[in-house]
Amino acid sequence: MPDAATLTDEYLSSLERTLTDNVLDFWFPRSIDDEHGGFITSYDEYGEFAGNDDKQVVTQARMVWLTARLARDGYGDEYREIADHGFAFLIDEMWDETHGGFVWEVRRDGTTTKPNKHLYGQSFGLYALSEYYRATGDGEAADYAHELVDLMDEYAKDDEHGGYVEYFTPDWEPITEGQTYLENIEPDWSPKESGDSVLDPTLKLMNTHLHLMEAFTTYYEAFGTDRGRERLHKLLDILTNTVYRKKRGFCTDKYDPDWSPKLDDEAFQVVSYGHDLETVWLAMEAADALGHSRDLYREYFETLWDYSLEYGYDEEHGGFYFYGGFDEPASFRVKAWWVQAECMTSALRTYECTGDDRYLDVFADTWDFLDEHQIDREHGEWHSGVDDDLEPVGRKGAVYKAAYHNGRALLECIAALKRL
């Protein structure tokens, strides 16, 4: 494997072209809904509209975050305009004017169809508002961001056990029966990002708290409030301590309200390699925002990497499988686009943290896998998955698939290679 400087020369231009020509040119202007606002994200493997024009807060907010970040990073005034367009839809159509917070889903024209509040959705709302403020200085975005934190503090913050209660009625009453909106996902090749299909609404999820940490990192970077710092500090502790199975070397996703891990059901005995390695670099971001040395978490980062490389990594072709049981090779062996995006970002960031060349090797091999098998140079975007026979599966756009994971990964890897 070449050294970091040679690696930068070899890969930087390829990543930059993929961001602009493959990802951004696929989504914009294709996804922009000029008639009703917001973004349409349902596209088949050829980039044709796939029939679902509903708008879910997670994906709408992710597109606002990405375009605001592109504007802030100097990719062009058009991304500021697209971010303005997406921000307006979030506030005008998805913000609950009566009770506050973001509804889960609306029809294309903004008619609310799923009004309940889930902290997973609120986290991406906060992420988008905070990044939009960083890019624009917009006072309205700041006001909504602070109000959303007020609401989460008042209704969702669990002062007894720590972390956050996750699922609520429109007026912020906790929901304790049934299943959450996270079940209702546009059909695709995979069950959903977390790797299983059972969600009791009273559970606390690593995945939700991971994205709350991500959001509060940006919120604290944007506003620098004492409250933002305190919330971020506690979330970093949850992600590097509470959800980490220290004797096993991985994280698990499902917890009772008192943070007792739900390990009694086989469906919960799952390790998601993408989430673990995404946590590594997002924890680095949180630590940086708080002024903590990354060295304090180095063993945690390396242990999560050791486990994922042993059980979830394809040594022959490169890339990471979706998930598997405890201490055994991956059982779900489709390589999801978002897993590759997060793992290659994490590899470069962990190399920066440790100086260990093996992470450069993983980055290069994962990118080479993506370049050969997952990135669609003909129709644009990345295939949702690549199966064990190296055949593409799934759509280009769906409820949870827009330009966020791969767009962000390319931005982060480009920045990391420039630093190297």
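This is a short tour of one helix and of several aromatic rings in a predicted model.

Local features need pLDDT of at least 70 and side-chain atom pairs pLDDT 80 or more, while totals for chains, interfaces and linings use all residues. Residues are numbered from 1 along each chain as its sequence is written, and side-chain values use heavy atoms, with hydrogens and water left out.

Select residues 57-72, helix α2. Helices (H or I, at least four residues) and strands (E, at least two) are DSSP runs, numbered from the N terminus. The end C-alpha atoms of α2 are 22 Å apart, which agrees with the 22 Å expected for 16 residues at 1.5 Å a residue (1.5 Å times one less than the number of residues). Of these 16 residues, 14 are buried, so α2 is largely enclosed by the rest of the structure (buried: under 20% relative accessible area, 1.4 Å probe, protein chains only). Just after α2, go to Gly-74, where phi is positive, about 85°.

Next, show the aromatic rings; the structure holds 36 aromatic pairs. Rings of Phe, Tyr and Trp (its six-membered ring) pair if their centres lie within 6.5 Å; planes under 30 degrees apart count as stacked, over 60 as edge-to-face and the rest as tilted. Pick Tyr-120 and Tyr-400, an edge-to-face pair with 6.3 Å centre to centre and 65° between the planes. Tyr-120 is in helix α4 (residues 119-136) and Tyr-400 in the loop between β14 (392-393) and α12 (404-419), 280 residues apart. Both Tyr-120 and Tyr-400 are buried. Add Trp-65, Phe-124, Tyr-127 and Tyr-404 to see the cluster that ring pairs link together with them.

Finally, select Arg-62, which lies over the face of Phe-124 at 4.5 Å from the ring centre (CZ of Arg within 6 Å of the ring centre and within 35 degrees of the ring normal).

Methods: Buried means under 20% relative accessible area, exposed over 50%, partly exposed in between (1.4 Å probe, protein chains only).
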